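Hi everyone, thanks for coming along. Today I'd like to walk you through a structure, starting with charged partners and ending with empty space. Have a look at it on the screen.

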Amino acid sequence: MSVAAARALRDGAVCFVGIGLPSTAANLARRLHAPNLVLIYESGTLDTRPEELPLSIGDGILADSALTVVSVPEVFNYWLQPGRIDVGFLSGAQLDRYGNINTTVIGDYDEPSVRLPGSGGAPEIATSCGEVMIVMRHRLRAFVEGVDFITSVGHGSGPDDRRRLGLTGAGPLRVITDLGVLEPDPETRELTLTGLHPGITVEQVRAETGWPLALSPEPLVSTPPPTSRELELLRSLRTVGQ
């Protein structure tokens with residue numbers, strides 16, 4: 001997942017990075033093929049180049065290695081909302097067939113079975129980034145027909161929803177999981193399977209998907225296995241304090 005996500009980031013792009021796998025993927029990409037990738041963390045660090053992976057968005061290593069540090073309101077009001085971010089990473093507890101994300105509750109909102117961490121800056125990322133990349137493990141309980149609560153809008157309920165709602169970004173254009181890659185159909189905006197990781201079958205992916213998963217009309221792509229160089233750099237990345 002980390003390598004596939006890193007490969008999807010292009011050199012020179014401005015990337016809004018979250019902690020965890022997105023941070024790993026973005027820092028791996030910068031060390032591999034995208035030395036000019038601009039990393040922006042929600043805490044206000046612009047063009048940061050940490051030698052180690054941060055523990056949180058408030059980790060001092062991000063400020064130490066940043067070109068500059070601005071306030072959180074400036075990150076959102078000046079960088080994110082006006083569309084100055086090319087790529088944003090998101091994940092969630094639930095994802096539906098149109099790329100809508102739930103990080104709020106499982107079950108009924110007033111009496112949930114699980115109360116999740118909430119939205120943070122994810123709704124703004126989903127709304128305003130040029131495109132969104134979703135990275136999450138592919139499990140039946142997470143890939144559902146309809147999310148229990150829409151925390152971050154993907155493609156709503158179909159092709160015209162983002163335009164109707166006035167959302168400026170293109171929304172989720174790629175979902176990278178531990179089984180393969182999903183991308184929205186150009187017409188319906190429903191997520192379809194476009195790629196498989198080595199050793200994974202279509203049947204395995206469909207068994208872990210809560211809706212009748214369609215295949216891309218284009219031939220399925222097989223993810224190239226990680227190269228020795230990619231694995232070497234990935235394994236060399238250390239988190240602060242390790």
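Let's begin with the salt bridges: the count comes to seven. Please keep in mind as we go that what you see is a predicted model.

I'll pick out some of these pairs. One of them joins Arg-49 and Asp-47, and their closest N and O atoms are 3.7 Å apart. Arg-49 has 32% relative accessibility, so this residue counts as partly exposed.

Now find Glu-145 and Arg-97. These two form a salt bridge as well, with 2.4 Å between the closest N and O atoms. Where do the partners sit in the chain? Glu-145 belongs to the loop between β10 (131–135) and α6 (161–165), while Arg-97 belongs to the loop between β6 (94–95) and β7 (101–102), so the pair ties together parts that are 48 residues apart in sequence.

Are these two residues buried or partly exposed? Glu-145 comes out at 43% relative accessibility, so Glu-145 counts as partly exposed. Arg-97, on the other hand, has 15%, and therefore counts as buried, since the cut-off for that is under 20%.

Arg-97 has another partner, too. With Glu-190, Arg-97 forms a salt bridge in which the closest N and O atoms are 3.1 Å apart. Here Arg-97, in the loop between β6 and β7, meets Glu-190 from the loop between β12 and β13, so this pair ties together parts that are 93 residues apart in sequence. Both members of this pair, Arg-97 and Glu-190, are buried.

Put those pieces together and you get a network of salt bridges linking Arg-97, Glu-145 and Glu-190. If you are following on the screen, try clicking on Arg-97, since Arg-97 pairs with Glu-145 and also with Glu-190.

Next, the cysteines. How many disulfides does a search of the whole structure find? The answer is zero. Take Cys-15: this residue is in no disulfide, and the nearest cysteine sulfur belongs to Cys-129, 8.2 Å away. A disulfide needs the two sulfur atoms to be within 2.5 Å, so a gap of 8.2 Å rules this pair out. Looking from the other side, Cys-129 is in no disulfide either, and the nearest cysteine sulfur to its own is that of Cys-15. How accessible are they? Cys-15 has 0% relative accessibility, so it counts as buried. Cys-129 also has 0% and therefore counts as buried.

A quick stop at Thr-209, which you'll find in the loop between α7 (202–207) and β14 (214–215). With 6% relative accessibility, Thr-209 counts as buried. What lies close to its side chain? The backbone oxygen of Val-205 is 2.7 Å from a polar atom of the Thr-209 side chain.

Now for the empty space. The idea is a friendly one: rolling a probe the size of a water molecule over the atoms shows where empty space is left.

How many cavities of 30 Å³ or more are there? Searching the whole structure turns up one. The largest cavity has a volume of about 40 Å³. Its lining includes Leu-90, Ile-101, Val-132, Ser-152, Arg-162 and Pro-172. By class, the lining residues are six nonpolar, four polar and one charged.

On to the pockets. The largest pocket has a volume of about 420 Å³. Its lining is made of 20 residues, and Gly-18, Phe-89, Leu-90, Ser-91 and Ala-122 lie nearest the centre. You may recognise Leu-90, which also lines the largest cavity. Which elements contribute? β1 (14–17), β5 (87–90) and α5 (122–128) each supply at least two lining residues. The lining of the largest pocket divides into 12 nonpolar, seven polar and one charged.

The second largest pocket has a volume of about 250 Å³. Of the 17 residues that line this pocket, Arg-174, Val-181, Glu-183, Val-221 and Thr-223 lie nearest its centre. Several elements each supply at least two residues here, among them α1 (2–7), β11 (172–176) and β12 (180–184). Which element gives the most? That is β13, with three residues. By class, this lining has eight nonpolar, five polar and four charged residues.

That's my tour. Thanks for listening, and do turn the structure around yourselves.

Conventions:
Residues are numbered from 1 along each chain as its sequence is written. This is a predicted model: local features need pLDDT of at least 70, side-chain atom pairs count only at pLDDT 80 or more; totals for chains, interfaces and linings use all residues. Side-chain values use heavy atoms; hydrogens and water are left out. On a 1 Å grid over the protein atoms alone, a cavity is a set of points where a 1.4 Å probe fits but cannot get out, and a pocket is an open set with protein on both sides within 12 Å along at least five of seven lines; lining residues have an atom within 4 Å of a point. Grid points are joined across faces, edges and corners, and a volume is the space filled by probe spheres set on the points. Ala, Val, Leu, Ile, Met, Phe, Trp, Tyr, Cys and Pro count as nonpolar, Asp, Glu, Lys and Arg as charged, and the others, Gly among them, as polar. Helices (H or I, at least four residues) and strands (E, at least two) are DSSP runs, numbered from the N terminus. Buried means under 20% relative accessible area, exposed over 50%, partly exposed in between (1.4 Å probe, protein chains only). A salt bridge is a side-chain nitrogen of Lys or Arg within 4 Å of a carboxyl oxygen of Asp or Glu. A polar contact is a pair of N or O atoms within 3.5 Å; within protein, one must be able to donate a hydrogen and the other to accept it, and residues adjacent in sequence count only if both atoms are side-chain atoms.
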